[in-house]
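Student: I would like a close look at one part of this structure, followed by an account of how that part sits within the whole.

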Amino acid sequence: MQYRRIGRAGAKVSLLSLGSWITYGNQVDEKASIELMAAARDHGVNFFDNAEVYAAGKSEELMGVSLKKLGWDRLTYMVSTKFFWGLPAQWRDGVNEKNTLNRKYLMHAINHSLKRLQLDFVDIVYCHRPDPNTPLEETVFAMHDIVSSVKAVYWGTSEWSAADIMGAWQIADKHHLHKPMVEQPEYNIFHRQRVEKEYARLYSEIGTGTTIWSPLASGLLTGKYANGIPADSRGSLKSMAWMHDQLTDTARNRAVAKLVTIAASLGCTTAQLAIAWCATNPNVSTVITGASRLSQLMENMKALEVLAKLTPDVMVAIDDVVAGLSD
(Lines give C-alpha, C1' and ligand atoms only; values in the text may rest on other atoms or scores of the structure.)
Protein backbone atom coordinates (compact mmCIF):
# COMPACT_ATOMS: atom_id res chain seq x y z
CA MET A 1 0.00 0.00 0.00
CA GLN A 2 1.10 3.54 -0.69
CA TYR A 3 0.23 6.44 1.59
CA ARG A 4 -0.27 10.11 0.80
CA ARG A 5 -0.72 13.21 2.90
CA ILE A 6 -4.12 14.88 2.91
CA GLY A 7 -2.96 17.92 1.00
CA ARG A 8 -0.74 19.88 3.39
CA ALA A 9 -2.02 18.08 6.48
CA GLY A 10 0.50 15.96 8.34
CA ALA A 11 -1.64 12.81 8.51
CA LYS A 12 -1.37 10.24 5.74
CA VAL A 13 -4.12 8.10 4.25
CA SER A 14 -3.84 4.90 2.26
CA LEU A 15 -3.97 5.46 -1.49
CA LEU A 16 -6.96 3.10 -1.62
CA SER A 17 -9.62 3.35 1.08
CA LEU A 18 -12.99 1.79 1.87
CA GLY A 19 -16.28 3.68 1.80
CA SER A 20 -19.75 2.69 2.99
CA TRP A 21 -22.02 4.59 0.57
CA ILE A 22 -24.84 2.38 -0.81
CA THR A 23 -23.38 -0.84 0.62
CA TYR A 24 -23.51 -0.47 4.41
CA GLY A 25 -27.00 -0.93 5.77
CA ASN A 26 -28.23 -2.01 2.33
CA GLN A 27 -26.06 -4.79 0.88
CA VAL A 28 -23.68 -5.23 3.81
CA ASP A 29 -24.63 -6.52 7.26
CA GLU A 30 -22.51 -6.69 10.43
CA LYS A 31 -20.73 -9.93 9.55
CA ALA A 32 -19.84 -8.72 6.06
CA SER A 33 -18.78 -5.32 7.39
CA ILE A 34 -16.29 -6.85 9.79
CA GLU A 35 -14.98 -9.17 7.07
CA LEU A 36 -14.56 -6.34 4.56
CA MET A 37 -12.92 -3.94 6.99
CA ALA A 38 -10.54 -6.62 8.29
CA ALA A 39 -9.53 -7.57 4.74
CA ALA A 40 -9.04 -3.93 3.80
CA ARG A 41 -6.88 -3.43 6.86
CA ASP A 42 -4.81 -6.49 5.92
CA HIS A 43 -4.10 -4.75 2.59
CA GLY A 44 -2.89 -1.61 4.35
CA VAL A 45 -6.10 0.45 4.18
CA ASN A 46 -6.22 2.94 7.05
CA PHE A 47 -9.09 5.22 5.95
CA PHE A 48 -12.79 4.38 6.19
CA ASP A 49 -15.35 6.83 4.83
CA ASN A 50 -18.92 7.31 6.03
CA ALA A 51 -21.69 9.92 6.25
CA GLU A 52 -24.61 10.71 8.49
CA VAL A 53 -27.08 10.32 5.62
CA TYR A 54 -25.86 6.89 4.44
CA ALA A 55 -28.66 4.41 5.10
CA ALA A 56 -30.23 7.05 7.38
CA GLY A 57 -27.56 6.62 10.05
CA LYS A 58 -27.41 2.82 9.89
CA SER A 59 -24.14 2.93 7.99
CA GLU A 60 -22.43 4.77 10.85
CA GLU A 61 -23.94 2.39 13.39
CA LEU A 62 -22.72 -0.62 11.44
CA MET A 63 -19.21 0.76 11.06
CA GLY A 64 -19.14 1.68 14.73
CA VAL A 65 -20.08 -1.84 15.84
CA SER A 66 -17.49 -3.29 13.45
CA LEU A 67 -14.71 -1.05 14.74
CA LYS A 68 -15.53 -1.93 18.32
CA LYS A 69 -15.44 -5.66 17.62
CA LEU A 70 -12.26 -5.41 15.54
CA GLY A 71 -10.59 -3.61 18.44
CA TRP A 72 -7.92 -1.78 16.45
CA ASP A 73 -5.61 0.78 18.04
CA ARG A 74 -7.33 4.13 17.38
CA LEU A 75 -4.10 5.75 16.21
CA THR A 76 -3.76 3.26 13.35
CA TYR A 77 -6.89 4.09 11.37
CA MET A 78 -8.91 7.08 10.20
CA VAL A 79 -12.68 7.52 9.95
CA SER A 80 -14.65 10.29 8.28
CA THR A 81 -18.25 11.39 8.23
CA LYS A 82 -20.24 14.10 6.45
CA PHE A 83 -23.08 16.46 7.31
CA PHE A 84 -25.71 18.33 5.30
CA TRP A 85 -28.79 16.25 4.49
CA GLY A 86 -29.58 15.15 8.03
CA LEU A 87 -31.71 12.13 8.86
CA PRO A 88 -35.19 12.93 7.51
CA ALA A 89 -36.19 9.27 7.72
CA GLN A 90 -35.79 9.37 11.50
CA TRP A 91 -36.24 12.98 12.49
CA ARG A 92 -39.14 15.35 12.06
CA ASP A 93 -39.05 17.36 8.86
CA GLY A 94 -37.88 20.49 10.65
CA VAL A 95 -36.24 23.57 9.18
CA ASN A 96 -32.98 23.01 11.10
CA GLU A 97 -32.81 19.26 10.56
CA LYS A 98 -31.90 18.82 6.91
CA ASN A 99 -30.23 20.47 3.91
CA THR A 100 -28.28 22.91 6.04
CA LEU A 101 -24.88 23.75 7.47
CA ASN A 102 -26.11 26.06 10.20
CA ARG A 103 -24.32 25.97 13.54
CA LYS A 104 -27.20 24.41 15.48
CA TYR A 105 -27.48 21.50 13.06
CA LEU A 106 -23.72 20.89 12.84
CA MET A 107 -23.25 20.78 16.61
CA HIS A 108 -26.12 18.33 16.93
CA ALA A 109 -24.92 16.22 14.00
CA ILE A 110 -21.36 15.67 15.22
CA ASN A 111 -22.52 14.54 18.66
CA HIS A 112 -24.97 12.01 17.25
CA SER A 113 -22.56 10.70 14.61
CA LEU A 114 -19.94 10.03 17.29
CA LYS A 115 -22.55 8.06 19.27
CA ARG A 116 -23.45 5.96 16.23
CA LEU A 117 -19.79 5.37 15.38
CA GLN A 118 -18.94 4.71 19.04
CA LEU A 119 -15.92 6.98 18.72
CA ASP A 120 -14.58 9.91 20.73
CA PHE A 121 -13.66 11.74 17.53
CA VAL A 122 -13.60 11.35 13.76
CA ASP A 123 -10.50 12.13 11.73
CA ILE A 124 -12.24 14.12 9.01
CA VAL A 125 -15.65 15.77 9.08
CA TYR A 126 -16.98 17.14 5.81
CA CYS A 127 -19.62 19.65 4.86
CA HIS A 128 -21.36 17.23 2.48
CA ARG A 129 -22.68 19.93 0.16
CA PRO A 130 -22.57 23.75 0.12
CA ASP A 131 -25.37 25.61 1.85
CA PRO A 132 -26.24 28.91 0.12
CA ASN A 133 -28.74 29.78 2.86
CA THR A 134 -26.27 29.85 5.75
CA PRO A 135 -23.57 32.53 5.95
CA LEU A 136 -20.23 30.94 5.10
CA GLU A 137 -18.72 32.54 8.19
CA GLU A 138 -21.19 30.68 10.42
CA THR A 139 -20.29 27.33 8.89
CA VAL A 140 -16.54 27.98 9.06
CA PHE A 141 -16.70 29.02 12.73
CA ALA A 142 -18.83 25.95 13.57
CA MET A 143 -16.41 23.59 11.83
CA HIS A 144 -13.51 25.26 13.61
CA ASP A 145 -15.24 24.68 16.94
CA ILE A 146 -15.84 21.01 16.11
CA VAL A 147 -12.11 20.57 15.49
CA SER A 148 -11.12 22.69 18.50
CA SER A 149 -13.35 20.57 20.75
CA VAL A 150 -11.42 17.50 19.54
CA LYS A 151 -14.50 15.92 18.03
CA ALA A 152 -12.69 15.91 14.66
CA VAL A 153 -9.04 16.16 13.65
CA TYR A 154 -9.57 17.89 10.30
CA TRP A 155 -12.51 19.36 8.43
CA GLY A 156 -13.25 19.61 4.75
CA THR A 157 -15.88 19.92 2.07
CA SER A 158 -17.59 17.71 -0.48
CA GLU A 159 -18.72 18.84 -3.93
CA TRP A 160 -18.05 22.49 -3.18
CA SER A 161 -17.00 24.90 -5.89
CA ALA A 162 -13.40 26.10 -5.91
CA ALA A 163 -14.66 29.61 -5.15
CA ASP A 164 -16.54 28.47 -2.04
CA ILE A 165 -13.59 26.40 -0.79
CA MET A 166 -11.26 29.36 -1.25
CA GLY A 167 -13.79 31.62 0.45
CA ALA A 168 -13.99 29.31 3.48
CA TRP A 169 -10.20 29.05 3.64
CA GLN A 170 -9.81 32.84 3.53
CA ILE A 171 -12.35 33.33 6.33
CA ALA A 172 -10.50 30.79 8.45
CA ASP A 173 -7.15 32.35 7.65
CA LYS A 174 -8.38 35.87 8.51
CA HIS A 175 -9.72 34.79 11.89
CA HIS A 176 -6.95 32.28 12.71
CA LEU A 177 -9.36 29.34 12.60
CA HIS A 178 -8.89 25.72 11.57
CA LYS A 179 -8.92 25.72 7.77
CA PRO A 180 -10.67 23.30 5.40
CA MET A 181 -7.96 20.79 4.50
CA VAL A 182 -9.64 18.43 2.07
CA GLU A 183 -12.37 18.18 -0.55
CA GLN A 184 -14.29 15.01 -1.43
CA PRO A 185 -15.34 15.22 -5.10
CA GLU A 186 -16.51 12.69 -7.63
CA TYR A 187 -13.63 11.71 -9.91
CA ASN A 188 -13.34 9.05 -12.57
CA ILE A 189 -12.41 8.59 -16.22
CA PHE A 190 -15.74 10.12 -17.28
CA HIS A 191 -15.94 12.86 -14.62
CA ARG A 192 -12.77 14.95 -14.56
CA GLN A 193 -13.30 18.68 -15.04
CA ARG A 194 -13.69 19.73 -11.41
CA VAL A 195 -10.71 17.80 -10.03
CA GLU A 196 -8.35 18.44 -12.91
CA LYS A 197 -9.31 21.99 -13.92
CA GLU A 198 -11.50 23.82 -11.42
CA TYR A 199 -9.48 22.86 -8.34
CA ALA A 200 -6.04 23.32 -9.93
CA ARG A 201 -5.26 26.55 -8.05
CA LEU A 202 -6.41 25.09 -4.73
CA TYR A 203 -3.67 22.44 -4.78
CA SER A 204 -0.86 24.92 -5.29
CA GLU A 205 -2.21 27.92 -3.38
CA ILE A 206 -3.79 26.45 -0.23
CA GLY A 207 -2.74 22.80 -0.40
CA THR A 208 -6.17 21.17 -0.68
CA GLY A 209 -6.18 17.37 -0.58
CA THR A 210 -8.85 15.18 -2.21
CA THR A 211 -10.51 11.97 -1.09
CA ILE A 212 -12.28 11.07 -4.30
CA TRP A 213 -15.46 9.03 -4.63
CA SER A 214 -17.06 6.98 -7.43
CA PRO A 215 -13.84 5.93 -9.22
CA LEU A 216 -15.95 3.36 -11.12
CA ALA A 217 -18.64 5.88 -12.08
CA SER A 218 -21.15 4.06 -9.84
CA GLY A 219 -20.22 0.75 -11.49
CA LEU A 220 -20.38 1.85 -15.13
CA LEU A 221 -16.62 1.33 -15.50
CA THR A 222 -16.88 -2.31 -14.45
CA GLY A 223 -18.56 -3.13 -17.76
CA LYS A 224 -21.47 -4.89 -16.08
CA TYR A 225 -24.07 -2.51 -17.53
CA ALA A 226 -23.29 -3.10 -21.21
CA ASN A 227 -26.52 -5.06 -21.67
CA GLY A 228 -28.76 -3.29 -19.19
CA ILE A 229 -28.96 -3.35 -15.40
CA PRO A 230 -28.35 -6.80 -13.83
CA ALA A 231 -30.79 -7.77 -11.11
CA ASP A 232 -28.02 -8.34 -8.54
CA SER A 233 -26.12 -5.10 -9.20
CA ARG A 234 -26.06 -1.83 -7.28
CA GLY A 235 -27.85 -0.25 -10.20
CA SER A 236 -30.91 -2.37 -9.46
CA LEU A 237 -31.34 -0.79 -6.01
CA LYS A 238 -34.24 1.66 -5.69
CA SER A 239 -31.83 4.22 -4.25
CA MET A 240 -29.86 4.12 -7.51
CA ALA A 241 -32.81 4.79 -9.84
CA TRP A 242 -31.48 8.29 -10.48
CA MET A 243 -28.36 6.72 -12.04
CA HIS A 244 -30.11 4.51 -14.59
CA ASP A 245 -29.69 6.86 -17.54
CA GLN A 246 -25.96 7.19 -16.90
CA LEU A 247 -25.44 3.48 -16.33
CA THR A 248 -27.20 2.53 -19.55
CA ASP A 249 -25.77 5.33 -21.70
CA THR A 250 -24.96 3.71 -25.05
CA ALA A 251 -21.95 5.84 -25.96
CA ARG A 252 -20.29 5.45 -22.59
CA ASN A 253 -20.88 1.70 -22.50
CA ARG A 254 -19.26 1.45 -25.93
CA ALA A 255 -16.28 3.34 -24.55
CA VAL A 256 -16.15 0.97 -21.59
CA ALA A 257 -16.01 -1.96 -24.03
CA LYS A 258 -12.88 -0.40 -25.53
CA LEU A 259 -11.42 0.11 -22.08
CA VAL A 260 -11.96 -3.60 -21.48
CA THR A 261 -9.55 -4.26 -24.35
CA ILE A 262 -6.95 -1.90 -22.89
CA ALA A 263 -7.32 -3.51 -19.47
CA ALA A 264 -6.93 -7.00 -20.96
CA SER A 265 -3.67 -5.94 -22.63
CA LEU A 266 -2.39 -4.96 -19.18
CA GLY A 267 -3.60 -8.16 -17.55
CA CYS A 268 -6.21 -6.49 -15.34
CA THR A 269 -9.93 -5.83 -15.14
CA THR A 270 -11.58 -2.61 -16.26
CA ALA A 271 -12.39 -1.82 -12.62
CA GLN A 272 -8.75 -2.16 -11.63
CA LEU A 273 -7.75 0.01 -14.59
CA ALA A 274 -10.24 2.72 -13.59
CA ILE A 275 -9.16 2.77 -9.94
CA ALA A 276 -5.47 2.84 -10.87
CA TRP A 277 -6.16 5.65 -13.35
CA CYS A 278 -7.58 7.81 -10.54
CA ALA A 279 -4.56 7.06 -8.35
CA THR A 280 -2.13 8.34 -10.99
CA ASN A 281 -3.31 11.88 -10.22
CA PRO A 282 -0.86 13.25 -7.64
CA ASN A 283 -3.55 15.57 -6.25
CA VAL A 284 -5.67 12.58 -5.19
CA SER A 285 -4.97 11.74 -1.55
CA THR A 286 -7.02 8.55 -1.58
CA VAL A 287 -9.38 6.69 -3.90
CA ILE A 288 -12.47 5.61 -1.97
CA THR A 289 -13.56 2.17 -3.13
CA GLY A 290 -16.75 0.32 -2.27
CA ALA A 291 -17.54 -3.36 -2.00
CA SER A 292 -20.45 -5.52 -0.96
CA ARG A 293 -18.49 -8.76 -1.21
CA LEU A 294 -14.99 -9.82 -0.21
CA SER A 295 -14.18 -10.80 -3.79
CA GLN A 296 -14.92 -7.23 -4.94
CA LEU A 297 -12.66 -5.75 -2.31
CA MET A 298 -9.82 -8.11 -3.21
CA GLU A 299 -10.20 -7.19 -6.89
CA ASN A 300 -10.14 -3.49 -6.07
CA MET A 301 -6.97 -3.80 -3.99
CA LYS A 302 -5.15 -5.32 -6.96
CA ALA A 303 -5.47 -1.98 -8.71
CA LEU A 304 -2.25 -1.02 -6.92
CA GLU A 305 -0.42 -3.54 -9.10
CA VAL A 306 -1.71 -1.78 -12.23
CA LEU A 307 -0.29 1.64 -11.38
CA ALA A 308 3.16 0.91 -12.78
CA LYS A 309 1.61 -0.28 -16.05
CA LEU A 310 -0.13 3.02 -16.77
CA THR A 311 2.57 4.44 -19.00
CA PRO A 312 2.08 7.73 -20.89
CA ASP A 313 1.06 5.75 -23.98
CA VAL A 314 -1.62 3.88 -22.04
CA MET A 315 -2.93 7.11 -20.53
CA VAL A 316 -3.20 8.64 -23.99
CA ALA A 317 -5.05 5.56 -25.24
CA ILE A 318 -7.56 5.92 -22.39
CA ASP A 319 -8.05 9.60 -23.18
CA ASP A 320 -8.68 8.76 -26.83
CA VAL A 321 -11.37 6.24 -25.89
CA VAL A 322 -13.32 8.70 -23.77
CA ALA A 323 -12.74 11.79 -25.89
CA GLY A 324 -15.93 13.81 -25.98
CA LEU A 325 -17.58 11.67 -23.30
CA SER A 326 -15.92 13.05 -20.18
CA ASP A 327 -16.93 16.24 -18.40
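To begin with a single residue: is Ala 55 buried, partly exposed or exposed, and what is its relative accessibility?

Tutor: Ala 55 counts as partly exposed, because its relative accessibility is 23% and the buried class ends under 20%. The model is a predicted one, and the values that follow are computed from it. Ala 55 belongs to the loop that runs between β4 (47–49) and α2 (58–70). Its backbone is notable on one count: phi is positive, at about 50°, although the residue is not a glycine.

A second residue may be set beside it. Asn 99 has a phi near 50°, again a positive value in a residue other than glycine. Asn 99 also lies in a loop, the one between β5 (78–83) and α3. With a relative accessible area of 38%, Asn 99 is partly exposed.

The wider setting of these loops is as follows. The chain has twelve helices and ten strands. Its radius of gyration is 19 Å, close to the 20 Å that the globule rule gives for 327 residues, so the chain is as compact as a globular protein of that length. Along the principal axes, the C-alpha atoms fill a box of roughly 50 × 45 × 40 Å. Of the 327 residues, 54% count as buried. Among contacts with a separation of 6 or more, 79% join residues that are 24 or more positions apart. The chain exposes about 14100 Å², and carbon and sulfur atoms supply 52% of that area. As for charge, the mean positions of the 34 positive and 34 negative charges are 2 Å apart.

From the loop after β5 one may turn to the loop that follows α3. Phe 121 is placed there, between α3 (103–117) and β6 (122–127). Its relative accessible area is 24%, so Phe 121 is partly exposed. Neighbours within four places in sequence being left aside, Phe 121 is in contact with Arg 74, Leu 114, Val 150, Lys 151, Ala 152 and Val 153. Phe 121 and Met 78 are 43 residues apart in sequence, while their C-alpha atoms are 9.9 Å apart in space.

One of the contact partners of Phe 121 is Val 153, and Val 153 has its place in strand β7. Val 153 counts as partly exposed, since its relative accessibility is 35%. Beyond its neighbours within four places in sequence, Val 153 touches Phe 121, Val 122, Asp 123 and Val 147. The C-alpha atoms of Val 153 and Ile 124 are 6.0 Å apart, with the two positions 29 residues apart in sequence numbering.

Strand β7 (residues 152–157) also holds Thr 157. Whereas Val 153 is partly exposed, Thr 157 is buried, because its relative accessible area is 1%. With neighbours within four places in sequence again set aside, the contacts of Thr 157 are with Tyr 126, Cys 127, Ile 165, Val 182, Glu 183 and Gln 184.

The aromatic residues give another view of the packing. The structure holds five aromatic pairs. In one pair, the ring centres of Trp 72 and Tyr 77 are 5.7 Å apart and the ring planes meet at 65°, so the pair is edge-to-face. Both Trp 72 and Tyr 77 are buried. Together with Phe 48, these two residues form one aromatic cluster.

Two further places in the chain complete the account. Helix α10 (residues 270–279) has ten of its ten residues buried, so the helix is largely enclosed by the rest of the structure. The buried residues of α10 include Gln 272, Leu 273, Ile 275, Trp 277 and Cys 278. Lys 224, by contrast, sits in the loop between β9 (209–212) and α8 (244–247). Lys 224 is partly exposed, because its relative accessibility is 35%. Its C-alpha atom is separated by 10.0 Å from that of Thr 248, a residue 24 positions away along the chain.

To return to the starting point, Ala 55 is a partly exposed residue in the loop between β4 and α2, and its phi is positive.

How values were computed:
Residues are numbered from 1 along each chain as its sequence is written. This is a predicted model: local features need pLDDT of at least 70, side-chain atom pairs count only at pLDDT 80 or more; totals for chains, interfaces and linings use all residues. Side-chain values use heavy atoms; hydrogens and water are left out. Helices (H or I, at least four residues) and strands (E, at least two) are DSSP runs, numbered from the N terminus. The radius of gyration is taken over C-alpha atoms; the globule rule is 2.2 Å times the number of residues to the power 0.38. Buried means under 20% relative accessible area, exposed over 50%, partly exposed in between (1.4 Å probe, protein chains only). Contact means heavy atoms within 4.5 Å. Accessible areas come from the Shrake-Rupley method with a 1.4 Å probe; for residues, only the protein chains shown count as cover. Lys and Arg count as positive and Asp and Glu as negative; His and the chain ends are not counted. The place of a charge is taken as NZ of Lys, CZ of Arg, CG of Asp or CD of Glu. Rings of Phe, Tyr and Trp (its six-membered ring) pair if their centres lie within 6.5 Å; planes under 30 degrees apart count as stacked, over 60 as edge-to-face and the rest as tilted.
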